[in-house]
Amino acid sequence: MPETFPFQRLVAALLAAFVLSLVMVSEAVAKTATVGPVSVEVADDFKDVSSQPPAIHQDASGITIEASPLPPEALHEFKGPAFLDYLKSLGFTDPAYVDGGLKRTGEYTFVTAEAKGAQGPESRFLLVIGGEGRAAIVTAYAPKSALADGHASRATIEAILASATVTPAPAAKP
């Protein structure tokens, strides 16, 4: 019987660590932010950036999320080699489709690429989605150095993109 106490303590410690990790995860994704025509779930320290396209940024990780509207009828144009060629013409390198790369439902296009940004080389993640009679392209990016040193992570970026939804169009003014 005395041998069960260390085992029970170990189980209790593991359970406490698990509960603490759940609390920390819920704090990490603490708010819904609207970025242009899209809403995303992000940590509460993401801040609006006054830019075009609309963007939010997290200083601690260097992650930036931008979103731009697209005409819904253009969704099919963001598939296939032509879209990858277009990204290359914009200076992106190594663009590639990632089929099933995000934990989300519905149709979407997900592409990864590399690019040169204001702070040096960046990893870029592009998501094209539609809904509510609208469509959007969401671009998430972080400096490669922030990804390499652990300040930013692909898993965090993919979780943000997986949460992205197109917001309803604003009501027309009479």
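Here are three short exercises on this predicted model, each with a worked solution.

Residues are numbered from 1 along each chain as its sequence is written. Local features need pLDDT of at least 70 and side-chain atom pairs pLDDT 80 or more, while totals for chains, interfaces and linings use all residues, and side-chain values use heavy atoms, without hydrogens or water.

**Exercise 1. Find out whether T112 is buried or exposed, and list its contacts.**

Step 1: Locate T112 in strand β7, residues 109-117 (strands are DSSP E runs of at least two residues, numbered from the N terminus).
Step 2: The relative accessibility of T112 is 15%, so T112 counts as buried (under 20% relative accessible area, with a 1.4 Å probe and protein chains only).
Step 3: Skip the neighbours within four places in sequence; T112 then contacts D94, P95, A96, V98, R124, F125 and R154 (heavy atoms within 4.5 Å).

**Exercise 2. Work out the strand order of the open three-stranded sheet.**

Step 1: The order is β1-β2-β10, with antiparallel pairing (strands pair if DSSP finds at least two bridges between them).
Step 2: β1 (31-35) and β10 (165-166) each have a single partner strand, so one side of each lacks a neighbour in the sheet.
Step 3: Now look at β1 and β2 (residues 38-42), which are joined by five bridges. A33 has V40 as its bridge partner in β2.

**Exercise 3. Which classes of residue line the largest pocket?**

Step 1: Sort the lining residues by class.
Step 2: You should get nine nonpolar, two polar and two charged residues (Ala, Val, Leu, Ile, Met, Phe, Trp, Tyr, Cys and Pro are nonpolar; Asp, Glu, Lys and Arg are charged; the others, Gly among them, are polar). A pocket here is an open set of points on a 1 Å grid over the protein atoms alone, where a 1.4 Å probe fits, with protein on both sides within 12 Å along at least five of seven lines; lining residues have an atom within 4 Å of a point.

How values were computed. Buried < 20%, exposed > 50% of the residue type's maximum accessible area, 1.4 Å probe, protein only. Helix = DSSP H or I, 4+ residues; strand = E, 2+ residues; numbered from the N terminus.
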